Amino acid sequence: RIVYSRVEIIGPTDNANPVLTLYPNPVRREMTIGITGTGNDQVTISIMDITGKKLMQQENIRLNGKITLDTGELKNGIYLLRIITGGKSYFRKFVK
């Protein structure tokens with residue numbers, strides 16, 4: 001059974017949805033993910049390559065504003081960061 005979640009574009013002017021930031025972009029060894037507006041919801045963070053293949057995933061994370069991820073094992077290229085919170089998925093593209 002395949003279950004799809006709703007995909008929404010988020011930005012700093014949309015107060016009803018979380019605001020997602022990712023820096024630096026392009027990333028080097030580490031990247032910092034900041035997210036506001038999730039309350040106490042747990043989030044799942046995934047990193048996928050441009051074809052959608054999941055390369056990394058961390059589940060049941062409580063973000064207190066930001067988290068730093070080690071991206072040292074990723075090869076140079078274009079990736080997608082996926083944040084799942086409150087039953088919704090949010091994406092951000094980044095370069096390594």
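**Exercise 1. The β2–β3 hairpin**

Determine what joins β2 to β3 in this predicted model, and through how many residues.

*Solution.* The connection between β2 and β3 is a hairpin, and 6 residues lead through it. The next step is the pairing itself: strand β2 (residues 19-23) and β3 run antiparallel and are joined by 5 bridges. Individual partners can then be assigned. Valine 19 has threonine 36 as its bridge partner in β3, and leucine 20 stands opposite isoleucine 35 in β3.

**Exercise 2. The two faces of β2**

Establish which side chains of β2 are buried and which are not.

*Solution.* Begin with the direction of the side chains, which alternate along β2. Leu20 and Leu22 point to one face, and these two are buried. Val19, Thr21 and Tyr23 point to the other face and are not buried. Combining this with the pairing, the buried Leu20 is the residue that stands opposite isoleucine 35, whereas Val19, which is not buried, has threonine 36 as its partner.

**Exercise 3. The surroundings of β3**

Explain why strand β3 (residues 30-36) is described as largely enclosed by the rest of the structure.

*Solution.* The cut-off comes first: a residue is buried if its relative accessible area is under 20%. In β3, 5 of the 7 residues are buried, and the strand is therefore largely enclosed by the rest of the structure. The pairing of β3 completes the picture. Besides its antiparallel pairing with β2 over 5 bridges, β3 pairs with strand β6 (residues 66-70), also in the antiparallel sense and over 5 bridges. Within the latter pairing, glycine 34 stands opposite lysine 66 of β6.

**Exercise 4. A nonpolar surface patch**

Classify isoleucine 78 as buried, partly exposed or exposed, and identify the patch that Ile78 forms with other residues.

*Solution.* Isoleucine 78 is located in strand β7 (residues 78-85). Its relative accessibility is 43%. Partly exposed residues lie between the limit for buried, under 20%, and that for exposed, over 50%; isoleucine 78 therefore counts as partly exposed. On the surface, Ile78 forms a nonpolar patch with Ile50 and Val95, and the accessible area of the three together is about 260 Å².

**Exercise 5. The chain as a whole**

State how many helices and strands the protein chain has, and what percentage of its residues count as buried.

*Solution.* The chain has 0 helices and 8 strands, which gives the order β-β-β-β-β-β-β-β from the N terminus on. Of its 96 residues, 36% count as buried. The accessible surface comes to about 6,400 Å², with 49% belonging to carbon and sulfur atoms. Finally, among contacts with a separation of 6 or more, 52% are between residues 24 or more positions apart.

Notes
Residues are numbered from 1 along each chain as its sequence is written. This is a predicted model: local features need pLDDT of at least 70, side-chain atom pairs count only at pLDDT 80 or more; totals for chains, interfaces and linings use all residues. Side-chain values use heavy atoms; hydrogens and water are left out. Patches are made of residues with over 30% relative accessible area and no salt bridge: like charges are joined within 9 Å, nonpolar side chains (Val, Leu, Ile, Met, Phe, Trp, Tyr) within 5 Å. Accessible areas come from the Shrake-Rupley method with a 1.4 Å probe; for residues, only the protein chains shown count as cover. A salt bridge is a side-chain nitrogen of Lys or Arg within 4 Å of a carboxyl oxygen of Asp or Glu. Helices (H or I, at least four residues) and strands (E, at least two) are DSSP runs, numbered from the N terminus. Buried means under 20% relative accessible area, exposed over 50%, partly exposed in between (1.4 Å probe, protein chains only). Two strands pair if DSSP finds at least two bridges between them. Contact means heavy atoms within 4.5 Å.
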